Amino acid sequence: MAKYNKLAGKHVLVIGGSSGIGRGVVEGSIEAGARVTLSGSSAKSAATAVAEVQAAYPTAQVAGVACDLSKDSVEADLEALFIEAKKPQPIDHVVLTAGDALLIADVQDITLEKIRQVARFRMELPLLLGKVTARHLARSNECSLTISTGGIADRPSPGWSMIAYVGAGLTGLARNLAVDLKPVRVNAVEPGFVITGLWGAMGLTAEQLEAQAKAVADKVPTGRAATVEDVAEAYLYLMKDRNATGEIVKTRSGSNLV
Ligand SMILES: NC(=O)c1ccc[n+]([C@@H]2O[C@H](COP(=O)([O-])OP(=O)(O)OC[C@H]3O[C@@H](n4cnc5c(N)ncnc54)[C@H](OP(=O)(O)O)[C@@H]3O)[C@@H](O)[C@H]2O)c1
């Protein structure tokens, strides 16, 4: 067994690995010698992602599974995803990066419907994923679940109350699941601004995203906006370190310092 290259030969399931940060985790895991199963919201997005990854890494062991996580059947859909994913090899690590567009709203425009919409991907899904993960991973500290949150709870911004609420909740969830799922490790990654398709889904044009990335680069100590290749490292680290559980790893360009 590799002493430091701990992902070699492991099986990583990246839920939301079809694009964005999850795609970075898929590629990083493959470069580390892991087998990867990625999920996307549709058969088309999963198949496209697999084809692109295979073109970049011709010897990669990568499979794609369609799993739309926006439905009330989310627990059964996760169960089906795990059963399909583990067919060639048991799953060692689970990473959750799937998420819909962030719902930003003036406090007077918040409705019960919007709260429930925000909760779907950032409250209900991670909690039920913890439940399903516990059923499918070996009871070992070599196995892990890593979820994704964001830093808005620490740096409030007008209109972001619903997102700050679930963001703070996700850090608490990772810590408590670490106890509930032990010895399986549970952690969270808290990225700062990362250039991904998420911002396009939230209505930013390519020019606006470029302007936002430049504004971030001008401000933060690292002098550049983060890419998925940067923040993927946090997920790779948390999968590998058997001593890390209940941790929130922040990768945010030093934005908290300025
Ligand atoms: N980007 C940032 O600046 C940033 C900062 C902090 C936190 N985050 C958080 O990090 C996570 C990943 O963000 P990202 O920027 O990588 O987002 P992204 O590029 O928009 O990717 C989102 C992923 O979620 C999947 N997804 C969307 N709707 C789905 C559905 N109905 N069912 C199943 N999967 C679905 C997408 O799959 P398909 O492509 O197949 O539809 C895609 O793989 C999110 O929770 C986000 O809030 C992002």
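Me: Buried means under 20% relative accessible area, exposed means over 50%, and partly exposed is anything in between (1.4 Å probe, protein chains only). Why does Asp230 count as partly exposed?

Reply: Asp230 comes out at 27% relative accessibility. That value sits between the two cut-offs, so partly exposed is the label for Asp230. Before we go on: this is a predicted model, where local features need pLDDT of at least 70, side-chain atom pairs count only at pLDDT 80 or more, and totals for chains, interfaces and linings use all residues. Residues are numbered from 1 along each chain as its sequence is written, and side-chain values use heavy atoms, with hydrogens and water left out.

Me: What makes Asp230 and Arg224 a salt bridge?

Reply: Their side chains meet at 2.9 Å, N to O. A salt bridge takes a side-chain nitrogen of Lys or Arg within 4 Å of a carboxyl oxygen of Asp or Glu, so this pair qualifies. Arg224 is partly exposed too, at 41%.

Me: How many salt bridges does the structure hold?

Reply: There are 16 of them. One of these joins Arg122 and Asp100 at 2.7 Å, N to O. Arg122 belongs to helix H4 (residues 112–136) while Asp100 is in the loop between strand S4 (93–96) and H4, so the bridge ties together parts 22 residues apart in sequence. (Helices are DSSP runs of H or I with at least four residues and strands are runs of E with at least two, numbered from the N terminus.) Elsewhere, Glu75, Glu79, Lys131 and Arg135 form a network of salt bridges.

Me: Why is Arg122 called buried, being a charged partner in that bridge?

Reply: Go by the accessibility: Arg122 has 16%, which is under the cut-off, so Arg122 is buried.

Me: How do you know that Lys250 and Glu190 pass the salt-bridge test?

Reply: The N to O distance is 3.5 Å, still within the limit. This pair reaches across distant parts of the chain, from Lys250 in strand S7 (residues 248–251) to Glu190 in strand S6 (residues 185–191), 60 residues apart. The two ends get unlike labels because Lys250, at 38%, counts as partly exposed, whereas Glu190, at 4%, counts as buried.

Me: What makes S6 "mostly covered"?

Reply: Seven of its seven residues are buried. Arg185, Asn187, Val189 and Pro191 point one way, Val186, Ala188 and Glu190 the other, and both sets are buried.

Me: How do you know that S6 pairs with its neighbours S5 and S7?

Reply: Two strands pair if DSSP finds at least two bridges between them. S6 and S7 have four bridges in the parallel sense, with Pro191 partnered by Thr251 in S7. S5 (144–148) and S6 also run parallel, joined by five bridges, and Ile147 stands opposite Ala188. The chain gets from S5 to S6 through H5, in a right-handed β-α-β crossover.

Me: What does right-handed mean for that crossover?

Reply: Point the strands away from you: the path from the first strand over the helix to the second runs clockwise. Strands S2 (residues 35–40) and S3 (residues 62–66) give another case, parallel with five bridges. Leu38 has Gly64 as its bridge partner in S3. Here the crossover runs through helix H2 (residues 43–56), and it is right-handed as well.

Me: What makes the reach of H4 close to the expected one?

Reply: The expected span is 1.5 Å times one less than the number of residues. For the 25 residues of H4 that gives 36 Å, and the first and last C-alpha lie 34 Å apart. H4 does bend by about 60° at Ala119, where the bend is the angle between axes fitted to the seven residues ending there and the seven starting there.

Me: Which parts do the buried residues of H4 pack against?

Reply: Strand S1 (11–15), helix H3 (74–85), S4, S5 and helix H5 (161–180). Among the buried residues of H4 are Val118, Phe121, Leu125 and Leu129.

Me: Why is Ser18 called buried?

Reply: Ser18 has 15% relative accessibility, so it falls under the cut-off. Ser18 is in the loop between S1 and helix H1 (20–31). Contact means heavy atoms within 4.5 Å, and leaving out residues up to four places away in sequence, Ser18 touches Arg23, Leu38, Ser39, Gly40, Ser45 and Ala49.
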